[in-house]
Amino acid sequence: MAPPPHRRPGFSRKAQYSLFVTYVAATAGTIVAALLLSISVVDPTGFAALRTFGAEITAPIARIFSALRVSTQAITHDASAYMDAASKNVTLEKEARANRSKLIEARALRAENARLRGLLKLTDEGEQQIAVGRLISSTASSTRRVATLSVGRNYGVERAQPVRGPAGLIGRVIEVGPTTARILLVTDAENLVPVMRVSDGLPAFSAGLGNGTVLIKPLNLGESPFRVGDIIVTSGNGGLYRPNIPFARVIRKTSDGAWPSLLLTPATRLMQSSCNNIRAKPERLNKLPPLTARPKRLKSENSGNRYPPTDTAGTRI
Amino acid sequence: MKIPVTAIHLPTRPGREYESRFDREQSLLKMLAIPIASVILASMVTTLPIFTAEPLLPPFGLLMMLGWRLMRPGLLPVWSGLPFGLMDDLFSGQPFGSAGLLWSLAMLALEIIDSRAIWRDYFQDWLIAALLITAVLLGGLWIAGLAHTAPEPSLLMPQIVLSILLYPLVVRICARLDSWRLAT
């Protein structure tokens with residue numbers, strides 16, 4: 001195609017100067033952008049107010065689409081529930097019967113646990129659900145894995161609070177706006193989560209890979225002790241997350257260099273869950289570690305955990 | 001349908017119907033607002049509830065800006081990469097100023113390309129857009145890595161391919177918007 005007329009200013013001084021000015025403006029703009037970028041690299045939270053503003057003004061539209069998505073999913077779910085309703089009903093009833101006795105056992109264990117804690121003068125930490133919201137958008141085009149939650153300061157959401165989905169940990173709050181909050185997902189490369197294997201409390205930490213999975217690195221050197229299928233929960237070390245939040249399941253074993261490491265299932269499944277709690281109640285731990293695994297874990301765990309080992313309680317009684 | 005020849009017409013130029021005629025003025029607001037609004041709205045696509053495990057959604061704001069720039073050279077000024085980029089930074093989750101810098105550089109690069117390769121066809125434009133998209137996405141990863149821990153560059157491959165393949169669609173959207181923009 002032909003060069004546009006603005007590139008051929010001819011003999012007009014005015015046209016020549018105005019063309020020159022656009023180039024000067026473009027170069028100056030590039031320098032300004034580089035300065036802004038260097039500021040935000042040095043202080044990543046610096047422009048939080050601007051980003052919050054952006055999230056706030058687009059939140060209403062995102063909420064509408066999110067509600068549409070949820071209702072569509074509900075319709076398809078309801079419709080598919082009618083398929084094979086009878087056989088499903090039979091299996092579910094069978095499962096419910098099987099679960100009933102386990103539930104009673106679990107209740108008894110909980111009561112016993114509370115009694116033992118009472119003997120040890122342990123108090124439950126004030127862990128309660130602060131707000132329930134929905135993820136309304138995510139940075140699907142950036143390598144940062146940040147999502148926007150539909151509740152903000154108006155529901156008491158604060159910075160650094162952990163966010164849970166129905167199936168496990170999702171991330172933590174990094175920026176709070178009046179009605180929205182931005183969450184650094186656990187799959188972000190920046191997000192390190194102290195975790196442990198649920199069966200024996202083997203301590204490790206998880207780092208996001210940015211592709212929907214996380215890498216679990218054990219704290220000890222040597223061959224990776226993990227196996228495919230291991231369930232990983234948060235260990236609560238450092239105090240940022242409470243212990244025993246379901247986190248991930250090992251899907252693949254890798255080894256890069258001296259660090260034996262593992263790929264875990266992701267929080268994709270978690271991200272797609274529509275409803276997310278901030279600091280959920282302990283009752284929400286429906287996928288929780290099996291109860292029989294708990295004493296084992298507590299036996300092997302060492303410093304930094306907020307619950308002292310309760311297996312000593314048995315000797316004190 | 002055969003048009004009966006009633007008078008000898010001068011051959012009309014292709015864009016004739018888009019010119020102001022008697023009693024049919026073009027709207028200045030539409031002519032200015034449509035390109036600007038389309039790029040900004042395309043940047044805001046990321047705020048829709050789209051959840052991906054990895055960066056997969058194409059940078060629609062960038063695609064739209066490149067589409068306008070390559071389809072109608074001279075419509076967007078050279079410095080427009082900065083305001084469009086900063087607007088995109090509000091929604092993309094990248095460090096603030098990342099798209100501002102990269103899109104400005106892309107606009108300057110296009111200006112240089114325009115002075116070298118003057119007569120181009122559509123596929124050459126597509127190639128140029130593909131190179132710029134790849135460069136901007138990789139640059140975004142590098143910039144994200146300056147501020148935070150960044151994942152591997154190979155992670156961006158699906159997004160780059162998808163963006164390049166979606167560029168023709170975006171140019172067609174630009175063309176539709178352009179005919180609406182210039183319609184009297």
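# Two chains and their contact

Student: How many residues does each chain bring to the contact?

Tutor: The contact takes 52 residues from chain B and 48 residues from chain A, where two residues are in contact if their C-beta atoms, placed from the backbone, lie within 7 Å. This is a predicted model, in which local features need pLDDT of at least 70 and side-chain atom pairs count only at pLDDT 80 or more, while totals for chains, interfaces and linings use all residues. Residues are numbered from 1 along each chain as its sequence is written, and chains are lettered from A and ligands numbered from 1 in the order in which they are written.

Student: Which helix gives the largest share of chain B's side?

Tutor: That is α4(B), with eight residues. Helices (H or I, at least four residues) and strands (E, at least two) are DSSP runs, numbered from the N terminus.

Student: And how do the residues on that side divide?

Tutor: On the side of chain B that touches chain A there are 34 nonpolar, 15 polar and three charged residues. Here Ala, Val, Leu, Ile, Met, Phe, Trp, Tyr, Cys and Pro count as nonpolar, Asp, Glu, Lys and Arg as charged, and the others, Gly among them, as polar.

Student: What is chain B built from?

Tutor: Chain B has six helices and zero strands, and buried residues make up 44% of its 184 residues. A residue is buried if 20 or more other C-beta atoms lie within 10 Å of its own, exposed if 12 or fewer, and partly exposed in between, with C-beta atoms placed from the backbone.

Student: Where is the kink in α6(B)?

Tutor: A kink of about 40° lies at Y167(B), shortly before the proline P168(B); the bend at a residue is the angle between axes fitted to the seven residues ending there and the seven starting there. Y167(B) is also one of the buried residues of α6(B), including V170(B) and C174(B), and these buried residues pack against α1 (28-43), α2 (60-71) and α5 of chain B.

Student: Switching to chain A, how many helices and strands are there?

Tutor: Chain A has six helices and 13 strands, and 34% of its 317 residues count as buried.

Student: How do β5(A) and β6(A) pair?

Tutor: They pair in the antiparallel sense over five bridges, and two strands pair if DSSP finds at least two bridges between them. The two strands form a hairpin with four residues between them, and E175(A) stands opposite R182(A) in β6(A).
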